[in-house]
Amino acid sequence: MILSCQNIKKQFGETTILNRCSFPIEDYEKAAIVGVNGAGKTTLLRIIAGEISADEGIAALSKGKTIGYLPQLVAFQSDHTIYDELLSVKQNLITLEQDIRRAEAQMKHVSGSELDKLMENYAVLTSRFERENGYAYKSELTGVLKGLGFCEEDFSQKISALSGGQKTRVALGKLLLLKPDLILLDEPTNHLDMAAISWLETYLLNYKGAVLIVSHDRYFLDRIATKIIEIDQSHTTVYTGNYTDYAAKKEAVRLSKWNAYQNQQREIKHQEAVIEKLRSFNREKSIRRAESREKMLQKTEVLEKPTETKADMKMRLVPRIVSGNDVLHVSALKKSFGHLLLFDGLDFSLKRGEHVAVIGSNGTGKTTILKIINRLLPADRGEIRTGANVQIGYYDQEHHVLHPDKTLLEEISDEYPALTNTEIRNTLAAFLFTGDDVFKLVRALSGGERGRLSLAKLMLSEANFLILDEPTNHLDIVSKEILEDALNHYEGTVLYVSHDRYFINRTAHRILELSDRRLTNYLGNYDYYLEKKEAAAPASSDSLPTAVSPDDLGRADTVAKSDWKSHKEQQAKKRKLENDLKKNEDAIGTIEQRNDEIDELMAKPENCTNAAKLAALSAEKETNLQTLETLYAQWEMLAEQREEAD
């Protein structure tokens, strides 16, 4: 074991972020911490890294082991170039290499015992240099820089001139070259394109040490993690396997708890209804049965209602009108900025209902394509045509569609003046903005909050063609899954740019890869794209398929008919049960009414002295009571069956 976290607790003010969090990290293990935004993932990493202290508990690193930590955003200053900054990590090898060169020079001028001594020292130095991979450190350094997305022209750039994301990549490169026994990474893929993320995955999989990652990149976690540590409501739970394994186990546990809760609630309501009905029969035996059931019900240990992480945020995308079958046609599109040519001769089309993802390396022009389609940028050349009744809804990754000096309430009301304040508040509440949140200025929102506000505006647009630029940026995993579910149920057309491979896998029908200034078409999701990339030939825009094939439609139609038939059969069964139950209750009512009449007849003076009449009435009542016993039992059985049918 390389790390042991025991009963870690951390509070900020009155808020408990972490409480009694315990888990181990084994040698060479690759583990991930997951949880919603604000759950305490970064706080836990900082405690392990020693940046902040826990209020209670310990994070103990094994003796003699080293630890390296990469925060989300690195703000360091340096006069070095990118290459020299990473080279500083290898200073021990540089010094060793200088000692070797010095020894080589000295050996030319000495002899005898002095030479023997120098040669012995030289052997020690070269052996150590080889053992520490000294002969390959420069190629290793170059490989790390290129893997993280820096080309050789970038190597000479000054650190001081880099963006925050570039500095973070440099810091990641330094950390990987340092090779600590335990690496802590906080959102390492945020500033990497797909190629760099893929390289990092391979690097970490082969890393001769332990790795603990915080990430919202589920595809990355699927490739890397063998253990998931979930933070939920300040507590940690450990799951073995990758993210998909964790999600399946988590959902199974949630469904099991939810089904148990619902089943118990149904049973409680059913028993209460039966008790009430038995009491209404107003017979001693029925009342005893009711009291018996009531005692059993009081002994029942009532389950707590499980929390549903997806229950708070609600998103449903519904087009106001249906577009024509041809939604978008782009031909011979060209765009350059100065001497930089992004793309030339792009051709593609979209049909109604397609969900198409545009992927490619950073800087290839993916976002530019979306902006040109939205008329936010002019094309140098080419034609863009939208089809009949096409209404576009646009999600901008930089949220330029939001106005920083407006409140959330104003942001929605100015865009949709027909909505009442109550309707606007309800919409904002569906995206977790409640109470005084609606009076916040847009400029004061975090990246995730701006993303949710943009999604709220997108939902209200009722557009039939959604154009989305990195829609999952700044969203936590739960919010991503809600957006995925909304898109998968959306009947309109979607064109989006994303580097979130898990999101693409779940939502894309087709992928357009922008590379070498050209688009290449791949049918299917991201896994299919990876499988077919090498073999797939570039497809012309004329051959781009519709989202759903006739075979798919046929299968869907068959499934729909089967579901409809099953639904009708269930409805018929339920109606029969309700009819049988009503007949049963009517029969009970009729017999009970007759028994009341018999009691009245037996009490009349003219019958009191008529032995034959009393015997007949008594016999009839006895028969009725036996029939009632059967009817009561039937009623309980029918009530149970109807409950199951419901």
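Colleague: Looking at strand β8, which residue there stands opposite V34?
Modeller: V34 has E230 of β8 across from it. Keep in mind that this is a predicted model.

Colleague: How many bridges join β3 to β8, and do they run parallel or antiparallel?
Modeller: There are 4 bridges between β3 and β8, which covers residues 227-232, and the two strands run parallel. Strand β3 also pairs with β7, residues 210-214, in the parallel sense and again over 4 bridges. On that side I33 stands opposite V214.

Colleague: What holds paired strands like that together, in general?
Modeller: Backbone hydrogen bonds, with the strands either parallel or antiparallel.

Colleague: Is β3 mostly covered or mostly open?
Modeller: Mostly covered: β3 spans residues 30-34, and 5 of its 5 residues are buried.

Colleague: And which residues are on which side of β3?
Modeller: K30, A32 and V34 are on one side, A31 and I33 on the other, and all of them are buried, so both faces are covered. In a regular strand the side chains alternate between the two faces of the sheet.

Colleague: Next topic, the sheet with β1. What is the strand order?
Modeller: The order is β2-β1-β4, an open sheet of 3 strands with antiparallel pairing. β2 (15-25) and β4 (56-61) are at the edges; each has a single partner strand, so one side of each has no neighbour in the sheet. From one strand to the next the twist averages 20 degrees.

Colleague: How many bridges are there between β1 and β2?
Modeller: Strand β1, residues 3-12, pairs with β2 over 7 bridges in the antiparallel sense. As one example, C21 in β2 is the bridge partner of I8.

Colleague: Which helix lies across those strands?
Modeller: Helix α1, residues 41-49, lies across β1, β2 and β4 and runs at about 125 degrees to β1.

Colleague: N7 has a positive phi. Where is N7 placed, and is N7 buried or partly exposed?
Modeller: N7 is in strand β1. Its phi is near 50 degrees, a positive value in a residue other than glycine. N7 counts as partly exposed because its relative accessible area is 32%, which falls between the 20% and 50% limits. N389 is another non-glycine with a positive phi, of about 60 degrees. N389 sits in the loop between β13 and β14 (392-395).

Colleague: Since β13 came up, what order does its sheet have?
Modeller: β11-β10-β13, again 3 strands in an open sheet with antiparallel pairing. The edge strands are β11 (340-351) and β13 (381-386), and each pairs on one side only. There the twist averages 10 degrees from one strand to the next.

Colleague: What links β10 to β13?
Modeller: Strand β10, residues 326-337, pairs with β13 over 5 bridges, antiparallel. Within that pairing, R385 in β13 is the bridge partner of H329. Helix α11, residues 366-373, lies across β10, β11 and β13 at about 60 degrees to β11.

Colleague: Now the rings. How many aromatic pairs are there?
Modeller: The count comes to 12 aromatic pairs. One of them is Y522 with Y529, an edge-to-face pair at 5.0 Å centre to centre with 90 degrees between the planes. Y526 and Y529 form a tilted pair, 5.3 Å centre to centre with 45 degrees between the planes.

Colleague: Why is Y522 called buried?
Modeller: Because its relative accessible area is 5%, and the limit for buried is under 20%. Y529 is buried too, with a relative accessible area of 5%. Y526 is also buried.

Colleague: How far apart in sequence are Y526 and Y529?
Modeller: They are 3 residues apart, about one turn of helix α17 (residues 526-532), where both lie. Y219, Y522, Y526 and Y529 form one aromatic cluster.

Colleague: Any charges over rings? What lies over the face of F150?
Modeller: R169, at 4.4 Å from the ring centre. Over the ring of F433 sits the charged end of R452, 4.7 Å from the centre.

Colleague: Last one. What is the mean pLDDT, and where does pLDDT stay under 50?
Modeller: The mean is 85, and 93% of the residues reach 70 or more. Residues 537-557 stay under 50, and the model has 20 contacts for them beyond four places in sequence. Where pLDDT is low, the predicted coordinates should not be read in detail.

Terms used:
Residues are numbered from 1 along each chain as its sequence is written. This is a predicted model: local features need pLDDT of at least 70, side-chain atom pairs count only at pLDDT 80 or more; totals for chains, interfaces and linings use all residues. Side-chain values use heavy atoms; hydrogens and water are left out. Rings of Phe, Tyr and Trp (its six-membered ring) pair if their centres lie within 6.5 Å; planes under 30 degrees apart count as stacked, over 60 as edge-to-face and the rest as tilted. Buried means under 20% relative accessible area, exposed over 50%, partly exposed in between (1.4 Å probe, protein chains only). A charge sits over a ring if NZ of Lys or CZ of Arg is within 6 Å of the ring centre and within 35 degrees of the ring normal. Two strands pair if DSSP finds at least two bridges between them. Axes are lines fitted to C-alpha atoms, for helices over the stretch in contact, and angles run from 0 to 180 degrees between N-to-C directions. Contact means heavy atoms within 4.5 Å. pLDDT is the predictor's confidence in each residue, from 0 to 100.
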